[in-house]
Amino acid sequence: MTSVSRPPANRRQAAETGTVIIGASHAGVQVAASLRDQGYRLPITLLEAGAHLPYQRPPLSKTYLKDGLDNSQLALRGAAFYQQKHITLLCNHRVSQIDRANQRITAQHGSRRVTFDYDRLVIATGAAARQLPLASGVTGVRVLRDMDDAIALKADFDNAQTVVIIGAGFIGLEVASTAVTLGKQVTVVEHGGRILQRLLPPQLSAFLLQIHQHNGVSFCFNTAVEVLALADSGQTHLRLSNGQTLSADLVVVGIGATINDQLAQAAGIVCDNGILVDLNGQTSDPAVYACGDCTTTIAPDPDPDPTEGQRHPPSHIESIQNAVDQAKTVAAVITGQPAPARVAPWFWSDQQGIKLQMVGTALDYDDLIVRGELETGKFSLLYYQHNRLCRVDSVNSPADHLAARKLVSQRYPLPKDAAADTTVRLKSFT
C-alpha cells in the first residue's frame, strides 16, 4: 500500500472537519498529542466507547489488583490536558459505522445516534480479551483486558482464596504472580506444553516456570478445560482433559486477544488478522489510518532472500511501545513531517519479582547466545539470524535491554564472543 494524500471527497473542507480518532487507547491518545505537538491546528475529536478517562493498561494485572488505584493514578493524561490542547475527548461514544464515501462516522451515545465528519480518520480500537465459550453464563469467571474487566476482577479477587487461571500467557502469569503475593492458592491450566510457548524459547520458559513454582504456583500443562460450571458450594467447578478436577473461588481466563477490526472490515477496508497498514499506518483508504493492537503491518524485508521475494509476511504486534511509535508516525504523515526512525518492538513483563524485557520478535533464529548465568536470575539471551542480532531477552538486566533496543533495530553484527562476555558492555557497540 502506498501512502497518498487526497483532498476531502466531498464539499466539506479540511478546516471544518479535521481528524477523528476512534479509540482513546495508548495509540489513539498519542496520535492526538503528537498532532498538536507538530503544529496541527485543525479540530481533533477523540471518541472512546468506554466511560473512563484514557488510562494505562499494564498496571491492571499487577498494581491495580494488588493495591487498587483510582482513575487519576492510571490516567494517560490528566483531564486538563485535553482541554489545553483543544482535543475533544468524548467518552461513552461507541462508533457503529464508517461511511468512507462521505467521510463520516456514526456513533451511539446512550440512546442518541450522532455523526462526525472527518478529513482524516484514525482507527485505534485495539483488541479485546478472547472469551472461553465454556464460560458463557458461568459466574465467577473473569477476563482482563480493560478497566471494566479490572474493576470486576478486583471485586472478586479480594474475596477469593483459590484461583484457577486458564492460559499461561503474559496476563495469566502476571495475575498468578499478584495472586500468590497476596497469599492465594493458584493453579494455572495451560493447553500447551510450557509457559509462553509461542513467544519464548524453552530455556526462558523453564526459568520462569521454576520461579513461579518456587513461589507456590501449580501448573497443569498439555491440559484443556472440558467442563466449567458453578457448584452448589458457590465455587466454580472445572473438569480437565487429564481427568483432574479443580474447584475455585475465582477463574481467570487469559487465552489471548481478538483484534477489534470489525468496523474497518464492515467499511470495506482491507484486513488480514487486523487492519492492514503500511509502515506509515496507511490503510487501503488514503483518508484512513490505523495504529496499535488493531493493526497488521506490511513491511519490506530488511534482509530479503531473492528466492522468497521482497516482503515479510504481515506482522501483528501487541505492544504499547509499538502502538505509541505507530501513532507518532501517523501524526507525522498527517502533518507532512518526517516520520520518526523505526525501531525494533520491545516489551516487558513483571512476574514474581522478575523483570523480563524483550526487544524484537524473531524466534526463527539460527544461533542463541546466553549472556550471564540463568541460575543467578540476571542474564540475557541474544538471538542471531545470519550473524546479525535479531532479538534480545533480558532478565533483571536493564542495561543490556537499553543497548539492545539500538542494536536489534540496526540488526547489528555483534561479535558473539562479546555477546557472551558480561565484562563487555553492550552499550559500547551502540
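# Briefing: a polar pair, two helices and a small sheet

The side chains of Asp 293 and Arg 145 are joined by a polar contact of 2.9 Å. Keep in mind as you look around that this is a predicted model. From that pair, the tour below moves on to helix 6 and helix 7, then to an open sheet of three strands, and ends with some backbone angles worth a look.

**Around Asp 293**

- Asp 293 sits in the loop that runs between strand 19 (288-290) and strand 20 (295-297).
- Is Asp 293 buried or exposed? Its relative accessibility is 16%, and buried means under 20%, so Asp 293 counts as buried.
- Setting aside neighbours within four places in sequence, Asp 293 is in contact with Gly 126, Ala 127, Arg 145 and Ile 259, and also with His 316, Ile 317, Glu 318 and Ser 319.

**Helix 6 (residues 147-158)**

- At the start of helix 6, you will find a side-chain oxygen of Asp 146 within 3.2 Å of the backbone nitrogen of Asp 148.
- Helix 6 has twelve residues, and at 1.5 Å a residue these should span 16 Å; the end C-alpha atoms are 16 Å apart, which agrees.
- Which residues of helix 6 are buried? They are Met 147, Asp 149, Ala 150, Leu 153, Lys 154 and Phe 157.
- These buried residues cover an arc of only 140° around the axis, so they lie on the same side of helix 6.
- The cover over the buried residues of helix 6 includes helix 3 (63-67), helix 4 (71-74) and helix 7 (170-181), together with strand 9 (141-143) and strand 16 (250-253).

**Helix 7 (residues 170-181)**

- Helix 7, one of the elements that cover helix 6, also has twelve residues; at 1.5 Å a residue they should span 16 Å, and the end C-alpha atoms are 17 Å apart, which agrees.
- Nine of the twelve residues of helix 7 are buried, so this helix is largely enclosed by the rest of the structure.
- The buried residues of helix 7 are Gly 172, Leu 173, Glu 174, Val 175, Ala 176, Ser 177, Thr 178, Ala 179 and Val 180.
- After helix 7 comes Gly 183, with a positive phi near 85°.

**The sheet of strands 13, 14 and 15**

- Strands of a sheet pair through backbone hydrogen bonds, either parallel or antiparallel.
- Here three strands make an open sheet in the order 13-14-15, and their pairing is antiparallel.
- Why is one side of strand 13 and of strand 15 left without a neighbour in the sheet? Strand 13 (225-230) and strand 15 (245-248) stand at the edges, and each has a single partner strand, so one side of each is left without a neighbour in the sheet.
- On average, neighbouring strands of this sheet are turned by 20° against each other, direction ignored.
- Strand 14 (residues 236-240) pairs with strand 15 over four bridges, in the antiparallel sense.
- Leu 238 stands opposite Leu 246 of strand 15.

**Positive phi outside glycine**

- Gln 103 is not a glycine, yet its phi is positive, at about 45°.
- Gln 103 lies in the loop between strand 4 (94-99) and strand 5 (104-109), and at 1% relative accessibility it counts as buried.
- Arg 411, a residue other than glycine, has a positive phi near 45°.
- Arg 411 has its place in the loop between helix 11 (398-409) and helix 12 (416-420), and with 19% relative accessibility Arg 411 counts as buried.

Key:
Residues are numbered from 1 along each chain as its sequence is written. This is a predicted model: local features need pLDDT of at least 70, side-chain atom pairs count only at pLDDT 80 or more; totals for chains, interfaces and linings use all residues. Side-chain values use heavy atoms; hydrogens and water are left out. The expected span of a helix is 1.5 Å times one less than its number of residues. Buried means under 20% relative accessible area, exposed over 50%, partly exposed in between (1.4 Å probe, protein chains only). The arc is that of the directions from the helix axis to the C-beta atoms. Contact means heavy atoms within 4.5 Å. A polar contact is a pair of N or O atoms within 3.5 Å; within protein, one must be able to donate a hydrogen and the other to accept it, and residues adjacent in sequence count only if both atoms are side-chain atoms. Two strands pair if DSSP finds at least two bridges between them. Axes are lines fitted to C-alpha atoms, for helices over the stretch in contact, and angles run from 0 to 180 degrees between N-to-C directions.
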